[in-house]
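This report walks through one structure, from a ligand site to the overall fold. Please have the sequence and coordinates open alongside the text.

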Amino acid sequence: MAITSKSIAPTIIFLLYLISCVSSQQETKFLNHGFLGANLLKFGSSKIHPSGLLELTNTSMRQMGQAFHGFPIPLLNSSNSSVSFSTSFVFAITPGPGSPGHGLAFVISPSMDFSQAFPTNYLGLFNTSNNGNPLNRILAVEFDTVQAVEFNDIDDNHVGIDLNGVVSIESAPAAYFDDREAKNVSLKLASGEPIRVWIEYNATEMMLNVTVAPLDRLKPNLPLLSRKLNLSGIFAEENYIGFSGATGTITSAHLVLGWSFSIEGKASEFDLTKLPSIPDPPTPSSPSPNPPVSVKKDTNNTKLIIILAASATFGLIIMLSFLGVWFFRRNQILVTRGARKFSHQMISNATGGFDNTRLLGERNSGSFYKGQLTPTEIIAVKRITCTTRQQKTTLISEIDAISKIRQRNLVNLLGYCTKGNDICLVYEYVPNGSLDRFLFSNDRPVLTWSDRFCIIKGIASGLQYLHGEGPKPLIHGNVKASNILLDEELNSRLGDYGQGSRHSTTGHVAPELVETGKVTRDTDVYAFGVLMMEIVCGRKAIEPTKPPEEISLVNWVLQGFKNGDLLQRCDARINREELVAREVLLVLKTGLLCANRSAEARPMIKKVFQYLDGLERLPHDDYLFYGV
Ligand SMILES: *[C@@H]1O[C@H](CO)[C@@H](O)[C@H](O)[C@H]1NC(C)=O
Ligand SMILES: *[C@@H]1O[C@H](CO)[C@@H](O)[C@H](O)[C@H]1NC(C)=O
Ligand SMILES: *[C@@H]1O[C@H](CO)[C@@H](O)[C@H](O)[C@H]1NC(C)=O
Ligand SMILES: *[C@@H]1O[C@H](CO)[C@@H](O)[C@H](O)[C@H]1NC(C)=O
Ligand SMILES: *[C@@H]1O[C@H](CO)[C@@H](O)[C@H](O)[C@H]1NC(C)=O
Ligand SMILES: *[C@@H]1O[C@H](CO)[C@@H](O)[C@H](O)[C@H]1NC(C)=O
Ligand SMILES: *[C@@H]1O[C@H](CO)[C@@H](O)[C@H](O)[C@H]1NC(C)=O
Ligand SMILES: *[C@@H]1O[C@H](CO)[C@@H](O)[C@H](O)[C@H]1NC(C)=O
């Protein structure tokens, strides 16, 4: 009998059915040992090592990286109820040179676009404006190695369930249940050792369980976290599942070795011999006490175990001595890193209860007090009263970012304390006060030309440090004379940085800042350009009492430039014999370049520094007219 069309049709239908089974199989169940050839989309700092290891971040600062399974996963059934799922993965966190930061998370999200998210405590998943927003529809399980007090973190080594934001609805210090001993054993997330995680959700029970254990242990009988949770309202029709990791000024490499996932039913078990191994953590000084971690296992080979045990005992004494040195060094680093949290009482005592006689100055952003911490340690305290909870949250997360900054042209932050709506930032005390007093009033000695040139270069250097070269600069947002402090030797120290997007005062505000309200590297450069002119000319950016053509300093300098008498714009109080014409022209022209109305035409601060330092020549004079 010939094949009839009647018999072909069912065959085709059957084939189509098979294909659809295979493809839906791929989308709802997978197992990856390493990620070579895996269907994985990477974002941010994520990359895959030749061994197949997924690296979400390395130990560089303020990085974030995400990686998602290439197909969306349907997590709602036809009646829009969430389905059960189960996933298991193996991760490792290898800290950078200091304490580890910040952590990684397993995430289920309707979108893969996290380009607007923040690193640090936000784990590359949220930012200050969408954190906690129910519209996010994001479920995450975080493995967090930094305690963010403002997010109610319980400690610096915890596992948490996050819904739509980084404030966990449930969390516990990382630990696993030892079934035989019937007790909890704590687990260090950032040990560099592989850790296995099981995340299981039963949609009927509406129960989400999270279990962790070292890779060489079986799954504990009891989960670490168990939470009743209705996920039907959280999941979208299509969801992306994956991981996100982030660093701040403290860093770790965040690594994922393998991942399995399944809808309705258990995620497949790993074959531990197929997982990639973890590379050695970079050790700057003494030899590492951690032997390279290999996850290769041979449970049947008792001989090997005996040999390993013997050699381990043999090497133990040698290792212990290294370990001693290592811990000692580590602890030293730990002590000097991190924002120090002062008690409010201590700061209140140091400032005589924020006594008015200790007031150094008042800004709309807060009041500065002088304080005596110890007989030898003098501090400056900025007291800010937050009007909204959002403001407080933002501020504290910025403190984390700025607390490790140490540069000689910046006023260093020593720590902070909070009480109610008040936040006090504790800075080192810079004795000579702020630059505006020197420039715009007659109660301080007149700054010589060489003082001024040196102050300008100092500010450029501090600003260059803040802006960095990475994708996540610290924007100062308020570059002006009253935020420049002078030390004993009249070196300039840039203060009040890293406190969110505040606007500077009139005259320093770049045109686009007025329109967008968004501070950027470019708006900082604009403000610095105006400040340079103020320092040279000894007058404020805007002086309404002057004749019309002189009200705006930028215009007045520009007119001087066009008329060829730029030198006449120099502060009349500076001794003329002391002036170095070449330097004055250099600074004023650089100032005009920076104060260009068009943000794109302004140089980067690095370039500005090179102009001022004579390492780079200024563009041709004609260029300065354009767009100022
Ligand atoms: C981290 O990765 C970036 C980009 O690949 C690289 O430039 C940087 O040097 C790396 N940092 C470390 C500490 O390896
Ligand atoms: C499920 O949700 C989708 C989108 O919100 C809606 O179009 C559909 O009617 C819902 N189905 C049921 C059975 O409620
Ligand atoms: C936060 O992220 C959202 C969406 O991802 C974006 O629209 C918003 O502008 C971001 N906010 C900030 C402060 O970056
Ligand atoms: C172990 O830890 C879990 C989660 O923190 C806790 O609920 C449980 O009571 C602990 N069990 C024991 C035996 O300590
Ligand atoms: C979650 O853990 C509880 C307590 O051990 C257990 O009774 C329940 O079956 C678990 N559910 C899932 C989905 O694993
Ligand atoms: C969810 O829990 C119910 C009731 O305890 C059980 O019958 C069912 O098998 C569980 N489903 C999964 C996927 O574990
Ligand atoms: C969807 O899931 C819910 C909860 O598990 C269940 O009660 C319902 O019967 C399911 N609907 C369909 C059409 O499978
Ligand atoms: C779970 O949430 C969905 C959507 O928000 C809601 O329709 C449903 O009634 C909830 N189920 C239970 C048992 O509360």
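An oxygen atom of ligand 7 sits 2.3 Å from an N or O atom in the side chain of N77. The model is a predicted one. A second polar pair involves S79, which places a polar side-chain atom 2.9 Å from a nitrogen atom of ligand 7. On its own, ligand 7 exposes 360 Å², and the protein buries 43% of that area.

Which residues surround ligand 7? They are N77, S78, S79 and S81. By class, this shell holds four polar residues, no nonpolar ones and no charged ones.

**Polar side-chain distances**

The table collects the two pairs at ligand 7 and one pair within the protein.

| Side chain | Partner | Distance |
|---|---|---|
| N77 (N or O atom) | oxygen atom of ligand 7 | 2.3 Å |
| S79 (polar atom) | nitrogen atom of ligand 7 | 2.9 Å |
| R444 | backbone oxygen of N432 | 2.9 Å |

**The loop at R444**

The last row leads to another site. R444 belongs to the loop that links α5 (435-440) with α6 (449-467). Is R444 buried, partly exposed or exposed? Its relative accessible area is 25%. Buried requires a value under 20%, and exposed one over 50%, so R444 counts as partly exposed.

The side chain of R444 reaches back along the chain. It comes to 2.9 Å from the backbone oxygen of N432. These two residues are 12 positions apart in sequence, and their C-alpha atoms are separated by 9.7 Å. Leaving aside residues up to four places away in sequence, R444 touches N432, G433, R437 and F438. N432 therefore appears both in this contact list and as the polar partner of R444.

**Helix α9**

Helix α9 spans residues 553-563. Which of its residues are buried? They are L553, V554, W556, V557, L558, G560 and F561. After α9 comes G564. The phi angle of G564 is positive, near 75 degrees.

**The whole protein**

Now for the totals. The protein has 628 residues, and 50% of them are buried. Its secondary structure comprises 12 helices and 25 strands. Among contacts with a separation of 6 or more, 66% join residues 24 or more positions apart. The protein exposes about 29,400 Å². Carbon and sulfur atoms supply 55% of that surface.

Conventions: Residues numbered from 1 in each chain as written. Chains lettered and ligands numbered in written order. Predicted model: local features only at pLDDT ≥ 70, side-chain atom pairs only at ≥ 80, totals over all residues. Heavy atoms only, no water. Buried < 20%, exposed > 50% of the residue type's maximum accessible area, 1.4 Å probe, protein only. Helix = DSSP H or I, 4+ residues; strand = E, 2+ residues; numbered from the N terminus. Contact = heavy atoms within 4.5 Å. Areas by Shrake-Rupley, 256 points an atom, 1.4 Å probe, with all protein chains shown as cover. Polar contact = N/O pair within 3.5 Å; in protein donor to acceptor, adjacent residues only side chain to side chain. Near = heavy atom within 4 Å. Nonpolar A, V, L, I, M, F, W, Y, C, P; charged D, E, K, R; others polar.
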